[in-house]
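Work through the exercises below with the sequence and the coordinates open. Each task is followed by a stepwise solution.

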Amino acid sequence: MPVSKEVLDQVALSQAEYDLIVQRLGRDPNYLEVGLFGSLWSEHCGYKHSKLLLREFPSQSPRLLVMPGAENAGVVDIGDGLAVVMKVESHNHPSAVEPFQGAATGVGGIVRDIFTMGARPIALLNSLRFGPLDNPQNRYLFGGVVGGISWYGNCIGVPDVGGEVCFSSSYAGNPLVNAMCVGLVERDKLMRSRASGIGNLLILVGADTGRDGIHGASGLASRTFEEEREMRPTVQVGNPFLEKVLIEACLEMAATGYLVAMQDLGAAGLTSSVIESAAKGGVGVTIDVARVPRREEGMTPYEVMLSESQERMLVVVSQEHEQDVVKVFQKWDLESSVIGRVTDDGLVRIFEGETLVASLPIDILTDPPLYRLKGVPPSYLEETRGFDMESLSLPPEGAGPVLLRLLSSPNIASKEWVYRQYDHQVQTNTLQGPGGDAAVLRVKGTRKAIALSNDGNGRYCYLDPFVGGAIAVAEACRNLACVGAEPLALTDCLNFGNPERLEVYYQLEECIRGMAQACRALDVPVISGNVSLYNETRGEAVWPTPMVGGLGLLEESERQCATAFRDGGDVVLLLGASQVRGDASSLGGSEYLEVVHGRVAGVPSINLDMEVRVQRLCRRAIGEGLLKSAHDCSDGGLAVALAESCIAGGIGFKGACAVGGRWDAALFGEAQSRIVVSVASGDIPRFRALAREQGVPWVELGRVGGDRLTWDGLLDVPLESLEAAWRGGLEKALTR
Amino acid sequence: MRFGVVVFPGTWSDEDCYHVVKSVLGQEARYVWHKDRDLSGLDCLILPGGFSYGDYLRTGAIARFSPVMEEVERFARRGGLVLGICNGFQILCEAGMLPGALMRNDHLQFRCQWVNLRVESSRTPFTSECKEGQVLRIPISHGEGNYYADADTLASLRAKGQVVFRYCTPGGDITPEANPNGSLENIAGIINAQGNVLGMMPHPERCCEASLGGTDGRFIFESMLKVLA
Amino acid sequence: MFLARVYVTLKPTVNDPQGKTILGGLKTLGFDLATEVRAGKYLEIKLSSPERTLAEAAVEEMCRKLLANPVIESYRYEVEEVIPRS
């Protein structure tokens, strides 16, 4: 029976894809089988448009314990018999529909990806983007998303240690909600998701299955938000308490050594969980949907297989150890049931009681067609690239008022309003929490600490996807360098529009190439990630926005650095430049250009060779105890970096070096590969030698001290004004 | 000293408390599962923070019916020291072992931040190492820490010196601005009439090591050690 | 089969910031007639009881023991006989 166009639309399969299925199967699939294909051949599960591009990313590192994509998350050896597991995932569409639950279940999903590998989740980070706060709908989405993350993350006892929040009209109809989770596991306790052992049992544990989120993977992740609103998807509602109990029970179970495999249920629910687990093991499976505990009556096999009900886990266990595993579930008052078995025939066979309702070869189901398109540069680039920066007039009010305006801009202002709603201390490892360049967590039982950062800049990528992608990677690593950490690995979430449109495909391709180039330069692999495409409103794609999560290592946790200026008289240096000179081109894509001149234009640029050297110098200097503070020069440029170090330290700065060129570009330009550091004056000779050895230019900016930020003839602002603008900026925008 | 750290489903400060007792203070500690009733050999019990049973219905409302709670009451009646932190404080109130109730923060948001606490009484086993009026810097992390009790109960708490901690300014003043959650009279911690059961919303276990930003939490644990020694 | 509808609200003397916030929201939307909001909890409980008095007694005890905290909350309920779906 051929399938109707409506059914294909529902599962987001094209006619050509359907024909391919028929050809490979040698028959028409039934309705349930079409649903399985729709899920597994979706962008979300099958990476149809992105997989070939993602191969650009370097994935080699002696520390890598699992190949990228082979498991639910990437795994990195940090020594001492320990490994760090990490991944980021988007929940953009669910959050647009219902911000509180959408964001909450996003946290739940990424946390399951981590503990399914036997790792205890030790940190969450969030990268969030919304439309401007002067619109009540954007305020509603922002408040709802933060509330949902707070509700879910706080309840499960995983600290939320960092992240970023940005606002731009590009995200007005389509907010980006990316959640990153990091876990810690003893190397030899690492759990896999590979099903094996003919006759072994598949046990489903956790929440009952309801009709929530059907078509989440195929439908939501392959449609633009407006089409999806039409579909009125059932909102998934999270149960963080159940998640917390699942974390403890699953980790306890993993420690018994009785489990063959463990796999969470995420997008496409049972379908992807069971079938991907079987595919990894090269085995077959049978499932009886009648044995899946239901929350609702009258559910069809189709609904059971595609439900995205939250807080469910699948474990594979041998018959002889079934009771050992069930005992752990009972201790935690968890419901579980045996729903199937591992077989040797390479098929997934789905029964409803005695009746066989679907039977498909797993190798076909998990081998979607991969597309390679020829991207076309977006037409807007000509205009944004052609803009003449020199034509901008200098703001008549002068540098001080401009600095205050930038500090209170919601993109730069303190995000304390957000992160004070997140528990960032539980588990008592947080040496540096939110608000700095990177979070630093000690690893108990060792002298080590790990550093975590989270970066993306949609504006740069919009103006130049290649350079923007490279900068996202460089900045994530630079933030790690600013606390003194060696970058070990990256995870990424690529948020783009509809890739079937060639201009969007171009952005995706260029961005990945740029990211890959920076990864190679900085010698850091991408170990896991997620692709979120179809982020569009009314035919307008969001800014191409890769979010990069960085993991760094500090061999000795005491050898870390923070952004705060510390002592009067310390010398403030800028690494990565030999003079302070305002070059108009550095205003391209800057926060200043948008806030003060209302423009998004220009071309960002980065010199990766310089970037590598600056980061190495920063790390070395911190390791040798030479730096008293270090802060990345990013959004808002040099003046904002200085102001933030002053505010964090509660002490002023007195600039003493000459400023050439345009003062707006000198103070607020966003040239890359620059770090503001402070050094005790007695350590300057040692620092100078180290910088020479590393081949990094630097310039002395002035000294720490006083209660004002001053720069002869340019700036003179009291610390308390800086602080008021920066601390109050976000709340002011919210209550406006 | 042997500490018991009670674990309910949804508890998450258990490991933090255990770490402090064991690794920072060098004392003995063991976990007590909420379905167990065996408290033998323990000198002191900690009811840690978290979201027991998800804090569904009300904070601590379901946990207080766990089997272990009958034993905790018996332990307290016999004079054993019981320290309820955050969710532990909420459970003790629900169980009637401490007066009053903890309601949703008046601004309706969760708050994780450092606060200042004024020690209102040093004549308790939990504050004997503090001076009265001393200001401790300790983090809070809760959505429902807004202490409420009726006027008579409040008057009685005051009269009997049962208010142990109040939220204050860094200089020790009790002001509305220093109150992070709307608690009546800025109350952050109270003790029972018998003087051996303390409930407090702030987390002393989060500030016993300098690398975490402060060590004022040790005053509380070290006071207990002194009493038990 | 009986269905109990249980309403748990904060006592009149207890401050209700949630209710106040909701009232503020209503005012912002122009609902000037609204003068006070008290937020609470609503629970539906199905009971397999042969008779009403037994069901009512059970619900009363549930409220006292668990559903409401007498320090801050008051409760009321109604019990209705329902015919279970076959």
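**Exercise 1.** State which strands helix H22 of chain A lies across, and its angle to E21(A).

Solution. Helix H22 (residues 608-623) of chain A lies across E21, E23 and strand E26 (675-679) of chain A. Its direction is at about 150° to E21(A); axes are lines fitted to C-alpha atoms, for helices over the stretch in contact, and angles run from 0 to 180 degrees between N-to-C directions. Helices (H or I, at least four residues) and strands (E, at least two) are DSSP runs, numbered from the N terminus.

The model is predicted: local features need pLDDT of at least 70, side-chain atom pairs count only at pLDDT 80 or more, and totals for chains, interfaces and linings use all residues. Residues are numbered from 1 along each chain as its sequence is written, and chains are lettered from A and ligands numbered from 1 in the order in which they are written.

**Exercise 2.** Give the strand order of the open sheet of 7 strands in chain A, and find its edges.

Solution. The order is E23-E26-E21-E27-E24-E28-E29, with mixed pairing; two strands pair if DSSP finds at least two bridges between them. Strand E23 (629-632) and strand E29 (715-718) of chain A each have a single partner strand, so one side of each lacks a neighbour in the sheet. From one strand to the next the twist averages 20°. Inside the sheet, E21 (residues 571-575) and E27 (residues 698-704) of chain A pair in the antiparallel sense over 5 bridges. A:Leu573 has A:Glu700 of E27(A) as its bridge partner.

**Exercise 3.** Identify the residues that touch the most other members of the largest nonpolar core.

Solution. A nonpolar core is a set of buried Ala, Val, Leu, Ile, Met, Phe, Trp, Tyr and Cys residues joined through C-beta atoms within 7 Å; buried means 20 or more other C-beta atoms within 10 Å of the residue's own, with C-beta atoms placed from the backbone. The largest core has 322 residues, and A:Val315, A:Ala451, A:Val473 and A:Ala643 touch the most other members. Helix H19 (residues 465-483) of chain A supplies its largest share, 13 residues. A second, separate core of 10 residues includes C:Phe2 and C:Cys63.

**Exercise 4.** Which of the 2 pairs of chains in contact shares the most contacts?

Solution. Residues are in contact if their C-beta atoms, placed from the backbone, lie within 7 Å. Chains A and B share the most contacts. Their contact takes 21 residues from chain A and 22 residues from chain B. On the side of chain A that touches chain B, H10(A) gives the most, with 4 residues. No contact joins chain A and chain C; their closest C-alpha atoms lie 12 Å apart.

Methods:
Buried ≥ 20, exposed ≤ 12 C-beta atoms within 10 Å, placed from the backbone.
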